[in-house]
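Ready for a little structure reading at the bench? Please have a look at the sequence and the model below, then try the exercises.

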Amino acid sequence: MDIVAKGENMLETDRFNRFCSLLCGATKSIQKLKSKYMTHYGLTSAHTMCIRYLDASPDGLTRMELAEMCDIDKAQISRTVNELCAKGYLTETENESNNYRKRLKLTPMGKDTADEINKAVAEIHSFVSDDLSEEQLMNFYSTFDLICLRLRQAEENI
């Protein structure tokens, strides 16, 4: 019984180590790709995600909505939004006194940049996943969504 428990524990440890290693490797590759494509614009990974989420939201988003979608804190979203506004990629409604209630939208330059980013993302996605079936992709994303949810739950419970 003790040997089986030890073997099961090793299997879990190996899976956890492999998961962490794969996740870190994928994250590094994604960061490098974002950097490669965004250096031309003088933008960072956080800028990229903000532009993409705003492009997908024609009615605009508030800073709070954007922070939640990008999974970054209020201070970083403030810096990122301020930089994007200063560079001419975003505009913000003036009808609210509270910055976190103002709606953010892409400017025409921001929209053009979003189109170029989306084209690069589509090329990368195609390169990475073209030989995977739709079923494989659906299984991967549903499994990964569940793992991420459980990791967030573990953060709260441990």
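The exercises below, each with a worked solution, concern a predicted model.

**Exercise 1. The largest pocket**

Find out how big the largest pocket is and which residues lie nearest its centre.

*Solution.* Start with the volume: the largest pocket comes to about 2,000 Å³. Next, look at its wall, which is made by 45 residues. Nearest the centre you will find A26, T27, I30, Y141 and F144. Now move to the secondary structure: two or more lining residues come from each of α1 (2-38), α2 (45-55), α3 (63-70), α5 (108-129) and α6 (134-157). Of these, α6 gives the most, with 13 residues. Finally, sort the lining by class: 28 residues are nonpolar, 11 are polar and 6 are charged.

**Exercise 2. Looking for disulfides**

Work out how many disulfides the whole structure holds, and why C20 and C85 do not form one.

*Solution.* A disulfide is a covalent bond between the sulfur atoms of two cysteines. To count as one here, the two sulfurs must be within 2.5 Å. Take C20 to begin with: the closest cysteine sulfur belongs to C24 and is 6.4 Å away, so this pair is too far apart for a bond. Then take C85: its closest cysteine sulfur, in C50, is 10 Å away, again too far for a bond. The search of the whole structure accordingly ends with 0 disulfides. While you are there, check exposure: C20 is partly exposed at a relative accessible area of 28%, and C85 is partly exposed at 25%.

**Exercise 3. The order of the strands**

Determine the order of the strands in the open sheet, and say which strands stand at its edges.

*Solution.* Strands of a sheet pair through backbone hydrogen bonds, either parallel or antiparallel. In this open sheet, 3 strands follow the order β1-β3-β2, with antiparallel pairing. The edges belong to β1 (61-62) and β2 (90-92); each has a single partner strand, so one side of each lacks a neighbour in the sheet. Now zoom in on one pair: β1 and β3 (residues 103-106) run antiparallel and are joined by 2 bridges. In that pair, L61 sits opposite L104 of β3.

**Exercise 4. An unusual backbone angle**

Locate D71, describe its phi, and decide whether the residue is buried or exposed.

*Solution.* Most residues other than glycine have a negative phi. D71 is not a glycine, yet its phi is positive, at about 55 degrees. Tracing the chain places D71 in the loop between α3 and α4 (74-86). For the last step, compare its relative accessible area of 71% with the cut-off for exposed, which is over 50%: D71 is exposed.

Note on methods. Residues are numbered from 1 along each chain as its sequence is written. This is a predicted model: local features need pLDDT of at least 70, side-chain atom pairs count only at pLDDT 80 or more; totals for chains, interfaces and linings use all residues. Side-chain values use heavy atoms; hydrogens and water are left out. On a 1 Å grid over the protein atoms alone, a cavity is a set of points where a 1.4 Å probe fits but cannot get out, and a pocket is an open set with protein on both sides within 12 Å along at least five of seven lines; lining residues have an atom within 4 Å of a point. Grid points are joined across faces, edges and corners, and a volume is the space filled by probe spheres set on the points. Helices (H or I, at least four residues) and strands (E, at least two) are DSSP runs, numbered from the N terminus. Ala, Val, Leu, Ile, Met, Phe, Trp, Tyr, Cys and Pro count as nonpolar, Asp, Glu, Lys and Arg as charged, and the others, Gly among them, as polar. Buried means under 20% relative accessible area, exposed over 50%, partly exposed in between (1.4 Å probe, protein chains only). Two strands pair if DSSP finds at least two bridges between them.
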